[in-house]
Structures are given as structure tokens and as C-alpha cells.
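User: I want to learn how to read pockets and cores in a model. Can you walk me through this one?

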Amino acid sequence: MKVFEIEIKSPKEVGREADAAAKAIKEGKYLEPTSKIVVSSLEILSKILTSERIRMLQVIRANNPSSIYGLAQLMGKDRRNVLRELRYLHGMHLVKVRKEAKSHSPRRNIVPYVDFSKIVVGIPI
């Protein structure tokens, strides 16, 4: 079972980690994408993982939609709104996408998928 981690750290710790990553990139080092997000507060986390975004992750994981249009239908939402949320979740590395050829068209479907089965939130005390 693959897990996506979200960690809450102090703003200073988040800043230090961001500075270290920026320095590594500036030095030409490749940073592997991770299955982890670090935020500085529970309030920020609640803005990232809204109930609708969590629902979208669950719908994608459970139904394996074959397109963004298919996901919009499953969610009962407008395709443009679903696409906007999908882009956000993709930018946060919570959703991945792949392009698949359509049998009857030269266009390709963008297929969203979630490659983890659980989100674990770490809150230091």
C-alpha cells in the first residue's frame, strides 16, 4: 500500500527546507518528486485538502475514469471546474495523469489516476 504523506512543520522549518531545495536546484541537482507535502499550518492543509478535493481523489481511486469528461460525469460537476481542481491536485502531486490514444480519433484522452491508497498527516506535538 503506497502512502502519500503530509507533514505540518513550523514556518521556519518549511523555509529552511525550501531554501535547501532551491539551492540544490540552483547547483543543477535533480530533485526526485516525492509523495510528500510539507505545510506550515493546519489551516493551510485545510485549504489544500478541501472536502471536494478529497472526494475527487476518492472518485478517481475507486472508479479509474478514462478521461476528465468521465470524471466530471462521475462527480456530477462541470468539466471545466473538474479540470481546474485536477490541475491543482496534479500540481500538488496528489494526482497523476497519462495520455491514452482514442481508438476513433487522433486526439488523446488525459486520464487522471491516484497511485496511493492512503494520505497520512503528521502533526508534531
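Analyst: Start with the elements. Helices and strands are DSSP runs, numbered from the N terminus. Keep in mind that this is a predicted model.

User: Which element gives the most to the lining of the second largest pocket?

Analyst: That is β4, with four residues. This strand spans 105-113. α4 and α5 also supply at least two residues each.

User: Which residues line the second largest pocket?

Analyst: A lining residue has an atom within 4 Å of a pocket point. Here the lining includes Ser67, Tyr69, Arg79, Lys102, Arg107 and Arg108. By class, the lining holds four nonpolar, two polar and four charged residues. The volume is about 230 Å³.

User: How does the largest pocket read?

Analyst: Its volume is about 510 Å³. The lining has 16 residues, and Ala21, Thr34, Lys36, Ile37 and Val38 lie nearest the centre. α1 (11-26) and β2 each supply at least two of the lining residues. Ten are nonpolar, three polar and three charged.

User: Now the core. Which members of the largest nonpolar core touch the most other members?

Analyst: A nonpolar core joins buried residues through side-chain atoms within 4.5 Å. This one has 24 residues, and Met56, Leu71 and Leu94 touch the most other members. Elements giving two or more residues include β1 (3-8), β2 (36-39), α3 (51-63) and α4 (68-75).

User: What is Met56 in contact with, leaving aside neighbours within four places in sequence?

Analyst: Its partners are Leu71, Met75, Val82, Glu85, Leu86 and Leu89. Met56 and Leu71 are both among the core residues that touch the most other members.

Key: Residues numbered from 1 in each chain as written. Predicted model: local features only at pLDDT ≥ 70, side-chain atom pairs only at ≥ 80, totals over all residues. Heavy atoms only, no water. Buried < 20%, exposed > 50% of the residue type's maximum accessible area, 1.4 Å probe, protein only. Contact = heavy atoms within 4.5 Å. 1 Å grid on protein atoms, 1.4 Å probe; cavity = no way out; pocket = protein on both sides within 12 Å on 5 of 7 lines; lining within 4 Å. Points joined across faces, edges and corners; volume = space filled by probe spheres on them. Nonpolar A, V, L, I, M, F, W, Y, C, P; charged D, E, K, R; others polar.
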